[in-house]
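Trainee: I'm new to this one and would like a close look at a single part. Could you walk me through it once it's on the screen?

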Amino acid sequence: MPITVLFAAPDGRWAQYEPVLREALDATGLDYRLGTRFAPDIVDYIVYAPNGPVSDFTPFTRLKAVLNLWAGVEAVVGNETLKAPLARMVDEEGLTAGMVQWVTGHVLRHHLGMDAHIVNPDHVWDAVTPPLPGERKVTILGFGALGQACATALRDLGFDVTGWSRSLKSLPGIRCLAGEDGLTEALTGAEILVLLLPDTPATENLLDADRIALMARGGFVINPGRGPLIVDAALLAALDSGQLAHATLDVFRVEPLPADDPYWSHPKVTVTPHIAADTRPASASRVVAENIARAEAGEPLLHLVDRSAGY
Ligand code: NDP
Ligand code: OXD
């Protein structure tokens, strides 16, 4: 009897995913049916995007697991109709590689002061040498799959990197901190702050005025994590007062960012439209297929979400 895999993501995605998902599932040797429509009571696995067609899992009576195509799970983790295990996307080859590029690029932009040379209408010949990376304190809040990968790349470029998480980590050449005291230490004197935390009740509004005040004056905030991590009014006030020099924001409380949002027009804010790290169909399909094969073999799922912690 074949297993049934339902692909439940927004319409345009099926054409991108079908060939690569079939290729990845074929490689597992499993006997399977894959499609976008099945009677719910025959579905074994759902390859899932929270902005797709499924929000009520009740009719999926024999569901073995939901494989989320996104790294972030805030839109599904609290869904009480979902009783089956939930795995999220961790894909070193695709999503993680994209995030490392995006974060490194924006850190280097601010570290090197590139803007002053890219837009220089008065042709200022200002020979200010940027500091060496070892003289630049970069702090990453959220030291999981993405935070650690970004930290490693920045460390390898020579930056003075600190990573903060809920449970203490250990990574060579990186100052690792955890807990409330660790957060204060991680923020104190930080010049470039990267947010790679998930959106949970415990992380909402984490970057408030008091915590921004701990950073070095003239610092930079880079947020590819989630919009609710930041108290927006506090961030704007810190930009206006000069406590922060710039914020580069990829994620927002409301997406797309409304046309009248002050972030769009603020001279010290760069808005990118949630593109820091998209899920890449081919490599993500291999992650999904591997997880289905593991479940069928009775092995624990990879990248399992802790529903009580919310990520
Ligand atoms: P992980 O689950 O691997 O890492 C999350 C990290 O945050 C962990 O280190 C975890 O600590 C830490 N954390 C969670 N809650 C707390 C807390 N209350 N206090 C301190 N630390 C906490 O997730 P990923 O690295 O894969 O992804 C991180 C986030 O990036 C996603 O949730 C998503 O919101 C965002 N994202 C954004 C994308 C974009 O394009 N903009 C693309 C992909 C992801 P611990 O290690 O102890 O568990
Ligand atoms: C994700 C995202 O969570 O794209 O994967 O933000």
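Trainee: Let's zoom in on one residue and its salt bridge: is Arg 175 buried, partly exposed or exposed? And please carry on from there to the other side-chain pairs and the ligand.

Mentor: Happy to, and keep in mind that this is a predicted model. Arg 175 counts as partly exposed, because its relative accessibility is 36%, and partly exposed covers the range between under 20% for buried and over 50% for exposed. Its side chain meets that of Glu 185 in a salt bridge, 3.4 Å from N to O. Glu 185 is partly exposed too, at 40% relative accessibility. As for where they sit, Arg 175 is in strand 8 (residues 175–178) and Glu 185 is in helix 5 (residues 179–187), ten residues apart.

Why would two such side chains get together? Side chains of opposite charge can pair when their charged atoms come close.

That bridge has company, since the structure holds 16 salt bridges. Take Arg 13 and Asp 278, whose side chains meet at 3.7 Å, N to O. Arg 13 belongs to helix 1 (residues 13–28), while Asp 278 sits in the loop between strand 12 (269–271) and helix 9 (281–296), so this pair ties together parts that are 265 residues apart in sequence. Arg 13 is partly exposed at 27% relative accessibility, and Asp 278 is partly exposed at 38%.

Another one joins Glu 296 and Lys 64, with the closest N and O atoms 2.9 Å apart. Here Glu 296 comes from helix 9 and Lys 64 from the loop between strand 3 (45–48) and strand 4 (65–68), so parts 232 residues apart in sequence are tied together. Glu 296 has a relative accessible area of 31%, which makes it partly exposed, and Lys 64 is partly exposed at 36%. These two also belong to a network of salt bridges that links Asp 44, Arg 62, Lys 64 and Glu 296.

Now for the aromatic rings. A search of the whole structure finds five aromatic pairs. In one of them, the ring centres of Phe 7 and Tyr 17 are 5.2 Å apart and the planes are at 40°, so the pair is tilted. Phe 7 lies in strand 1 (residues 3–8) and Tyr 17 in helix 1, ten residues apart. Phe 7 is buried at 3% relative accessibility, and Tyr 17 is buried at 2%. Another tilted pair is Phe 252 with Tyr 263, at 6.1 Å centre to centre and 55° between the planes. Phe 252 is buried, and so is Tyr 263. Back at the earlier pair, Phe 7 and Tyr 17 form one aromatic cluster with Trp 14.

Last stop, ligand 1. It is surrounded by 29 residues, and the closest include Arg 88, Ser 167 and Asp 250. By class, that shell has 16 nonpolar, eight polar and five charged residues. A polar side-chain atom of Asp 250 is 2.8 Å from a nitrogen atom of ligand 1. A backbone N or O atom of Arg 166 lies 3.0 Å from a ligand nitrogen, and a polar backbone atom of Ala 145 is 2.9 Å from a ligand oxygen. The protein covers 91% of the 930 Å² of accessible area that ligand 1 has on its own.

Note on methods. Residues numbered from 1 in each chain as written. Chains lettered and ligands numbered in written order. Predicted model: local features only at pLDDT ≥ 70, side-chain atom pairs only at ≥ 80, totals over all residues. Heavy atoms only, no water. Near = heavy atom within 4 Å. Polar contact = N/O pair within 3.5 Å; in protein donor to acceptor, adjacent residues only side chain to side chain. Areas by Shrake-Rupley, 256 points an atom, 1.4 Å probe, with all protein chains shown as cover. Nonpolar A, V, L, I, M, F, W, Y, C, P; charged D, E, K, R; others polar. Salt bridge = Lys/Arg side-chain N within 4 Å of Asp/Glu carboxyl O. Helix = DSSP H or I, 4+ residues; strand = E, 2+ residues; numbered from the N terminus. Buried < 20%, exposed > 50% of the residue type's maximum accessible area, 1.4 Å probe, protein only. Phe/Tyr/Trp six-rings, centres within 6.5 Å; stacked < 30°, edge-to-face > 60°.
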